[in-house]
Amino acid sequence: MDKCVLILAGGKGKRMKSDLPKVLHKVCGKEMINHVIDVMRKADFQDVNVVIGKGADQVKDATRDRNVTYSFQSEQLGTGHAVMCTKDFLKDKDGIVAIFAGDAPLISENTVKKFIDFHKKGKYKATLLTSILENPTGYGRIMRDSKGDVEKIVEHKDCTAEELKVKEVNAAMYCFDINILLNGLDKIENDNAQKEYYLTDMVEIFKASGEKVGAMPIDFEETLGVNSRVQLSEAEVIMRNRINEKHMENGVTIIDPVSTYIGEDVQIERDTIIYPGNVIEGKSIIKEGCILYPNSRISDSIISENVTIQSSVILQSKIGSNTTVGPFAYIRPESNIGNHVRVGDFVEIKKSTIGNNTKVSHLTYIGDAQVGSNCNFGCGTVVVNYDGRDKHKTIIGDNSFIGCNTNLVSPVEVDDNTYIAAGSTITEKVPEGSLAIARARQVIKKGWVSKKNLKK
Ligand code: UD1
Ligand code: CA
């Protein structure tokens with residue numbers, strides 16, 4: 001018995017008014033299509049086939065690392081036509097195929113699992129998910145007969161005034177017996193308001209051949225299909241609430257969930273406190289006991305235990321435990337900051353390693369450098385890593401004291417246990433245990449002001 005899933009993602013998405021294919025618009029930092037694929041994986045679907053059409057290459061690109069196969073729909077003639085384009089994928093299979101829409105990212109793993117069980121236990125040949133919407137505008141309506149069985153689905157644009165009043169809608173999520181679906185597909189016609197081949201017509205086709213059709217109601221929030229930017233923002237709010245609630249249930253304090261933006265794949269450990277205005281993206285991991293004061297963006301980074309961050313940007317980097325970052329620090333990709341480090345205000349660190357207990361307290365740039373532990377950077381230090389053509393590396397040992405306003409012209413090495421005098425421009429290696437002074441000596445010209453008649 002095969003079990004596979006189709007995700008329809010070939011549509012034009014006209015109502016989005018966008019150059020980007022609709023299913024690539026992001027909800028909580030992740031493309032809608034990838035939300036749907038990830039949910040299918042969690043619900044134990046190994047065999048995932050995505051129907052692509054409009055923006056096919058872009059959709060392929062965005063789903064590249066998710067190990068799915070593709071069917072190509074060259075012309076967008078409707079959801080039924082999209083499924084016709086998967087015949088090659090389905091033809092040697094026997095069992096059940098689930099079909100979901102790439103523009104409905106709020107479906108949950110739990111509901112998908114229950115749905116498959118419902119389909120199997122009820123011995124249905126076709127099953128659909130439905131829900132009751134206060135405002136069903138735009139959705140296909142579920143028509144039931146006098147016994148309460150589903151009779152057919154009528155698209156919004158094809159509804160009579162009476163049918164428009166029906167509040168039960170089609171979620172565009174189905175489960176079919178593969179063979180019966182393949183036989184029925186050719187019977188779909190496009191004599192409707194949109195001149196499209198509707199997948200929804202399969203319900204009537206199944207009924208006409210006497211097959212058992214089931215319908216399982218789900219929460220309206222899981223049904224939301226995104227056709228416009230307004231619906232995109234509605235999906236964002238629902239998903240954000242779900243994510244924030246999950247973290248709060250796991251022991252994270254979120255002071256103001258409405259203004260806290262956490263991506264779906266972010267992990268946060270207990271007793272971390274998150275103040276308003278934080279954006280945590282990608283595959284970031286925030287360990288126990290951190291305090292994220294307001295207004296930081298943390299993307300694809302690992303923040304170890306008991307770190308404090310305020311008003312800073314951290315990208316693709318690792319921050320060691322008990323370190324403090326900010327306010328107003330910028331930690332750029334591939335940086336590895338040690339434990340008990342201080343990265344203070346207006347400090348930028350790029351592609352550099354900083355050892356434990358080192359302090360970079362203010363107004364400093366460190367790029368392409370390897371810095372040891374227990375160092376102290378004076379205010380205004382600049383690692384001069386770029387000569388106008390190439391980037392070079394700077395290596396600083398342990399226990400170095402870098403005086404204020406030092407330039408370290410790369411490539412250059414500063415050994416362990418060294419001092420650099422404030423205002424130095426270092427171009428040569430500073431050997432272990434030494435003091436380097438690289439600045440002009442001070443000259444005093446006594447009485448110069450009155451000699452020049454400049455006294456005020
Ligand atoms: C569809 C359903 C409607 C349901 C609603 C729920 C049909 C005819 N209607 O309407 O009953 O209430 O979803 O959200 O199925 N697609 C393709 N190729 C196409 C057309 C669409 O791959 O030729 C894909 C789209 O990319 C999208 C999905 O199918 O991901 C749904 O298509 P869309 O045009 O948004 O359908 P709705 O009008 O929302
Ligand atoms: Ca839709």
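**Figure 1. D103 and the calcium site of the predicted model.** In this predicted model, D103 counts as buried because its relative accessibility is 15%, below the 20% cut-off. N227 likewise counts as buried, at 16% relative accessibility. These two residues coordinate the calcium ion (ligand 2), D103 through OD and N227 through OD1, at 2.3 to 2.4 Å. The pair links distant parts of the chain, with the two positions 124 residues apart in numbering. D103 belongs to the loop between β6 (95-101) and α5 (109-121), whereas N227 belongs to the loop between α9 (220-223) and α10 (229-249).

**Figure 2. Polar contacts of ligand 1.** Three side chains are shown with their contacts to oxygen atoms of ligand 1. In the side chain of E155, an N or O atom is 2.6 Å from an oxygen atom of the ligand. For T79, the corresponding distance from a side-chain N or O atom to a ligand oxygen is 2.7 Å. D103, already described as a calcium ligand, also places a polar side-chain atom 3.0 Å from an oxygen atom of ligand 1. On its own, ligand 1 has 760 Å² of accessible area, and the protein covers 92% of this.

**Figure 3. The shell of residues around ligand 1.** The shell holds 24 residues, of which G10, Q73, T79, E155 and N170 come nearest to the ligand. By residue class, eleven are polar, nine are nonpolar and four are charged. Two or more residues each are given by β1 (2-9), α3 (79-84) and β10 (168-177). Strand β10 provides the largest share, three residues.

**Figure 4. Strand β1 and its two parallel neighbours.** Six of the eight residues of β1 are buried, and the strand is mostly covered. Seven bridges join β1 to β6 in the parallel sense, with L8 having A101 of β6 as its bridge partner. Pairing with strand β4 (residues 47-52) is also parallel and extends over six bridges. In that pairing, V5 stands opposite V48. Strand β1 thus appears in two settings, as one of the elements contributing to the shell around ligand 1 and as a partner of β6 and β4.

**Figure 5. Strand β7 between an antiparallel and a parallel partner.** Strand β7 (residues 126-132) is mostly covered, with six of its seven residues buried. Its pairing with β10 is antiparallel and comprises six bridges. Within this pairing, T130 stands opposite N170, a residue listed among those nearest to ligand 1. With strand β11 (residues 213-217), β7 runs parallel, and the two are joined by five bridges. L129 of β7 is found opposite M216 of β11.

**Figure 6. Helix α1 and the residue after it.** Helix α1 (residues 32-42) is largely enclosed by the rest of the structure, because nine of its eleven residues are buried. The buried positions are M32, I33, N34, H35, V36, I37, D38, V39 and M40. Just after the helix, D44 adopts a positive phi of about 70°.

Methods: Residues numbered from 1 in each chain as written. Chains lettered and ligands numbered in written order. Predicted model: local features only at pLDDT ≥ 70, side-chain atom pairs only at ≥ 80, totals over all residues. Heavy atoms only, no water. Donors = N, O, S within 2.8 Å, 3.2 Å for Na, K, Ca; no water. Helix = DSSP H or I, 4+ residues; strand = E, 2+ residues; numbered from the N terminus. Buried < 20%, exposed > 50% of the residue type's maximum accessible area, 1.4 Å probe, protein only. Near = heavy atom within 4 Å. Polar contact = N/O pair within 3.5 Å; in protein donor to acceptor, adjacent residues only side chain to side chain. Areas by Shrake-Rupley, 256 points an atom, 1.4 Å probe, with all protein chains shown as cover. Nonpolar A, V, L, I, M, F, W, Y, C, P; charged D, E, K, R; others polar. Pairing = 2+ DSSP bridges.
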